[in-house]
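Q: I am new to this structure and would love a guided close look at its nonpolar core and the residues around it. Could you start with the overall picture and then zoom in?

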Amino acid sequence: MNRRAVFTAEQEDFRLLIHDFVAREIVPHYAEWEKAGEAPRSFFRSLGSLGVMGMAIPEKFGGAGNPDFRYNVILQEEASLALVTMSTVRTQLDVILPYFLRYANAEQQERWFPGMAAGELLTAVAMTEPGTGSDLAGIATRAARDGDSYVLNGAKTFITGGYLADLVIVVARTADATPDDRRAGLTLLVVEDGMPGFVKGRKLEKIGLKTQDTAELSFSDVRVPVANRLGEEGKAFSYLGHNLAQERMTIAVGAVAQARAAVDAAIAYTRERRLFGKPLASFQNTKFELAACYTEVEAAQALLDQAILALVAGELSGADAALVKLFTSEMQARVVDRCLQLFGGYGYITEYPIARLYADARVTRIYGGTSEVMKSIVGKSLGL
C-alpha cells in the first residue's frame, strides 16, 4: 500500500538528497557515535552546509526561509529507513528552533540565526527538573532580576542535546505562582555556554537513542543578560504550549518511521533465516505476525499523514496532536516488540539493528508528554 499524497515534487527531490547524505555521512560512522554518546560537531556543520539546519531560518540570516514541516518529516524517515537516527537534529529543528523563530527579537536574530543556520550554534531547551516530570508548573529554578541581568539558580535534567549545546533555553521562575494560576511567573532565558556558574554535568547513560546526548545542567548565580530573554517576562508557559503540537508530531513521525523500519528488517531477516530446512518467512505464524505489524504501520501512517497536512495548514489542534502521538507511539511499541520476537535470540544482540530499534522505541511513550498525559488531553477534548 503506502500510497501517500503528502509531499511536493521539490520535497521528493530533497528526499533523494537526504537519502544519499545519510548513506554517506551517517551510516558508516554510526557505531562510533553510539560509543561516544553523541554525534561530532562536524556532522551538524555538514548539515548546515547542505542547508538543512537553516531550512526554516530567514534567507537574510543564511537560511532558506521555508518552515514547511514536511522537510523535517523526510529527515526522520530517511534516517529510519537506514536504521539510524540523526542525533539531536530532530530536537534542534522541530522542538527548539520554533521558539527562536517566534520569540527572538531583531537583535537576537542577528546574533544567533547565522550560526544556527550554519550548524555552528547548537541548541537545547531545559524544562525538566529533578522531581517535576510532566508538572512544568512546579519548576523551581529561579531567576532574580538585578539591573540589566537575571541571576539564575537551579538544576535541570534529561536535557536532550544539553552537553553539546551552545545556547540553552532555560525555563525559570521569575515570580511566584499565584493561587489562581500555578503557571504564572515563568520566563524563557537563553544561557550561553561558558557563562560563569553554568555547569554541564554528566551525560546520562540511556538504554536507547545512544547518539543523542542527554545531560544534567546546573546554574549557580549565572548572570544572564536581559538581552537574552526570549519574549516577555512571565509568559513562558503560554510560549511552551505554542509548539507542543509540532513537538508531539515530531515524535509521532519517528515512531511510525521506526516501526516501518522494524517491519522491513524483520521481513528481510525471516526471508534469509532458515529453520527446519526452510525459510522462517514460509511459516504461517511469521506471515501472520508480519501481516499484522504491517497493517498497524499502514493505519498509523494514514493517521499521521492526515495530521501532517493539518499541521502544515495550521489547523492541527493540540488534542489531535496528542491523539496521534498516543496512537503512533503505542503502535511502535507493539510492532517493534513483535518484530524482535521473530529474530529469536539474535533480536537480543545489539549488533542487530532490531535491538537498537527496540531500545530507542521505549522513550516515545514518555517524552513529549507521557501516554497517560496524552490520554488525559484527549479525554478532556471529549468533555470528560
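How many helices and strands are there in the chain?

A: Happy to help! Please keep in mind that this is a predicted model. The chain holds 12 helices and 10 strands. Its radius of gyration is 21 Å, close to the 21 Å that the globule rule gives for 384 residues, so the chain is as compact as a globular protein of that length. Along the principal axes, the C-alpha trace spans about 80 × 50 × 40 Å.

A few totals help to fill in this first view. Of the 384 residues, 52% count as buried. If you take the contacts between residues at least 6 apart in sequence, 75% of them join residues at least 24 apart. The accessible surface of the chain comes to about 17200 Å², and carbon and sulfur atoms account for 54% of that surface. As for charge, there are 41 positive and 46 negative side chains, and the centres of these two sets lie 5 Å apart.

Now to the core itself. In soluble globular proteins, nonpolar side chains tend to be buried together. Here, the largest nonpolar core has 89 residues, and Phe43 and Phe100 are the ones with the most contacts inside it. Helix H8, which covers residues 244–272, gives the most to this core, with 12 residues. There is also a second, separate core of 20 residues, which includes Ala143, Ala165, Phe198 and Phe219.

Let us zoom in on Phe43. Leaving aside its neighbours within four places in sequence, Phe43 is in contact with Phe21, Ile26, Trp33, Met86, Ser87 and Val89. One of these partners, Ser87, deserves a closer look. Ser87 is found in the loop between helix H4 (69–81) and helix H5 (89–103). With a relative accessible area of 3%, Ser87 is buried, because buried means under 20%. The backbone of Ser87 has a feature to look for as well: its phi is near 55 degrees, a positive value in a residue other than glycine.

A positive phi also turns up in strand S3, where Phe158 has its place. The phi of Phe158 is about 60 degrees, although Phe158 is not a glycine. Is this residue buried or exposed? At 56% relative accessibility, Phe158 counts as exposed, because the cut-off for exposed is over 50%.

Thr157 is found in strand S3 too, which runs over residues 149–160. Thr157 has a relative accessible area of 7% and is buried. Setting aside its neighbours within four places in sequence, Thr157 is in contact with Thr128, Glu129, Pro130, Leu204, Ala215 and Glu216.

One last stop is Gly115, whose place is in helix H6 (residues 106–117). Gly115 counts as buried, at 16% relative accessibility. Apart from neighbours within four places in sequence, Gly115 is in contact with Glu120 and Leu121. To get a feeling for distance across the model, you can pair Gly115 with Arg4: these two are 111 residues apart in sequence and 35 Å apart in space, C-alpha to C-alpha.

If you want one place to begin in the viewer, try Phe43, then step across to its contact Ser87.

Note on methods
Residues numbered from 1 in each chain as written. Predicted model: local features only at pLDDT ≥ 70, side-chain atom pairs only at ≥ 80, totals over all residues. Heavy atoms only, no water. Core = buried A, V, L, I, M, F, W, Y, C linked by side-chain atoms within 4.5 Å. Buried < 20%, exposed > 50% of the residue type's maximum accessible area, 1.4 Å probe, protein only. Helix = DSSP H or I, 4+ residues; strand = E, 2+ residues; numbered from the N terminus. Contact = heavy atoms within 4.5 Å. Rg over C-alpha atoms; globule rule 2.2 N^0.38 Å. Areas by Shrake-Rupley, 256 points an atom, 1.4 Å probe, with all protein chains shown as cover. Lys, Arg positive; Asp, Glu negative; His and termini not counted. Charge placed at Lys NZ, Arg CZ, Asp CG, Glu CD.
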